[in-house]
Amino acid sequence: MRRADEEEYRQFVAARLEPLRRTAYLLCRDWHTADDLVSITLGKLYRHWRRVREAENLDAYVRGMLTNAWLDERRRPWRRERSVDELPEEVDLHRAEPVLADREMLLDLLGQLPARRRAVVVLRFYCDMSVEETAGVLGISNGTVKSQAARGLDALRALATNPSGRSSEEWA
């Protein structure tokens, strides 16, 4: 990479690092994984900077790279495993009333959505991307974005009003 290109890349990364971290956190809900996703994305961006910097909407393109990195990471088998210190004697079917701030509750609710639906909701409503931009980033049709966004919002509303209700698989 030429020195001028590298300086341009560094300026872009310096200006966008924190928003990318927050977006990654909203997707995966873990700061360590979010940092990993941002690192993966920035590494790919560095390798292809000369071509990518010409994109019509560079920020949207990079958010798409980040979202795709997260979706790829979700497909890895070891990401589906959760370790606990002790197995519970019984399954608690009733969730306690939320005692956390609204932001924390929203993050918990987002975490209950299926991966693709969560990606659509985050890109559409947190990143303020249009239907067309979201469809382009995720490689799906505009209609799929609209239906996934509507179903995601319905699921979030239902979970917010009935936190001990149905699981996210019932909305898949």
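## Close-up views of a predicted model

**Figure 1. Ring pairs link Tyr-9, Phe-12, Tyr-46 and Trp-49 into a cluster.** Welcome to the first close-up, and please keep in mind throughout that the model is predicted. The structure holds four aromatic pairs. In one of these, the rings of Tyr-9 and Tyr-46 meet edge-to-face, with 5.1 Å from centre to centre and 75 degrees between the planes. This pair links distant parts of the chain: Tyr-9 belongs to helix α1 (residues 3–28) and Tyr-46 to helix α2 (residues 31–47), so look for two residues that are 37 residues apart. Is Tyr-9 buried or exposed? Tyr-9 is buried, because its relative accessible area of 10% falls under the 20% cut-off. Its partner Tyr-46, at 33% relative accessibility, counts as partly exposed.

**Figure 2. Tyr-9 also pairs with Trp-49.** Here the ring centres of Tyr-9 and Trp-49 lie 5.5 Å apart. What is the angle between the planes of these two rings? The planes stand at 75 degrees, which is over the 60 degrees needed, and so the pair of Tyr-9 and Trp-49 is edge-to-face. Again, distant parts of the chain are linked, with Tyr-9 in helix α1 and Trp-49 in helix α3 (residues 49–52), 40 residues apart. Trp-49 has a relative accessibility of 1% and therefore counts as buried.

**Figure 3. Helix α1 packs with helix α6.** The angle between α1 and α6 (residues 115–126) is about 145 degrees, and their axes are 9 Å apart. The crossing of α1 and α6 is right-handed. Which residues should you look for at this contact? On the α1 side they are Arg-22, Thr-23, Leu-26, Leu-27 and Cys-28, while α6 brings Arg-118, Ala-119, Val-122 and Tyr-126. Sorted by kind, the residues of this contact divide into six nonpolar, one polar and two charged.

**Figure 4. Thr-23 meets residues from elsewhere in the chain.** Thr-23 sits in helix α1. With a relative accessibility of 4%, this residue counts as buried. Setting aside neighbours within four places in sequence, the contacts of Thr-23 are Leu-66, Val-122, Tyr-126 and Cys-127. Val-122 and Tyr-126 may be familiar from the previous view, where they are among the α6 residues that meet α1.

**Figure 5. Val-120 is a buried residue of helix α6.** Val-120 lies in helix α6, and its relative accessible area is 0%. Which residues touch Val-120, once neighbours within four places in sequence are left aside? They are Thr-134, Leu-138, Ile-140, Val-145, Gln-148 and Ala-149. You can also trace the way from Val-120 to Lys-146: the two are 26 residues apart in sequence, and their C-alpha atoms are 8.8 Å apart in space.

**Figure 6. A charged end sits over a ring, between Arg-124 and Phe-125.** Find the ring of Phe-125, and then the charged end of Arg-124, which sits over that ring at 5.4 Å from its centre.

**Figure 7. Arg-29 and Asp-128 have positive phi values.** Start with Arg-29, which has a phi near 65 degrees and is a residue other than glycine. Arg-29 is found in the loop between α1 and α2, and its relative accessible area of 29% makes it partly exposed. Now turn to Asp-128, where phi is about 60 degrees, again positive although the residue is not a glycine. Asp-128 has its place in the loop between α6 and α7 (131–138). Is Asp-128 buried or exposed? At 65% relative accessibility, Asp-128 counts as exposed, because the value is over the 50% cut-off.

**Figure 8. The whole chain is made with eight helices and zero strands.** To place the close-ups, follow the chain along its sequence, where the pattern reads α-α-α-α-α-α-α-α. The chain has 172 residues, of which 37% count as buried. Among contacts between residues at least 6 apart in sequence, 65% join residues at least 24 apart.

How values were computed. Residues numbered from 1 in each chain as written. Predicted model: local features only at pLDDT ≥ 70, side-chain atom pairs only at ≥ 80, totals over all residues. Heavy atoms only, no water. Phe/Tyr/Trp six-rings, centres within 6.5 Å; stacked < 30°, edge-to-face > 60°. Helix = DSSP H or I, 4+ residues; strand = E, 2+ residues; numbered from the N terminus. Buried < 20%, exposed > 50% of the residue type's maximum accessible area, 1.4 Å probe, protein only. Lys NZ or Arg CZ within 6 Å of the ring centre and 35° of its normal. Axes fitted to C-alpha atoms, helices over the stretch in contact; angles between N-to-C directions. Left-handed = near helix turned anticlockwise from the far one by under 90°. Contact = heavy atoms within 4.5 Å. Nonpolar A, V, L, I, M, F, W, Y, C, P; charged D, E, K, R; others polar.
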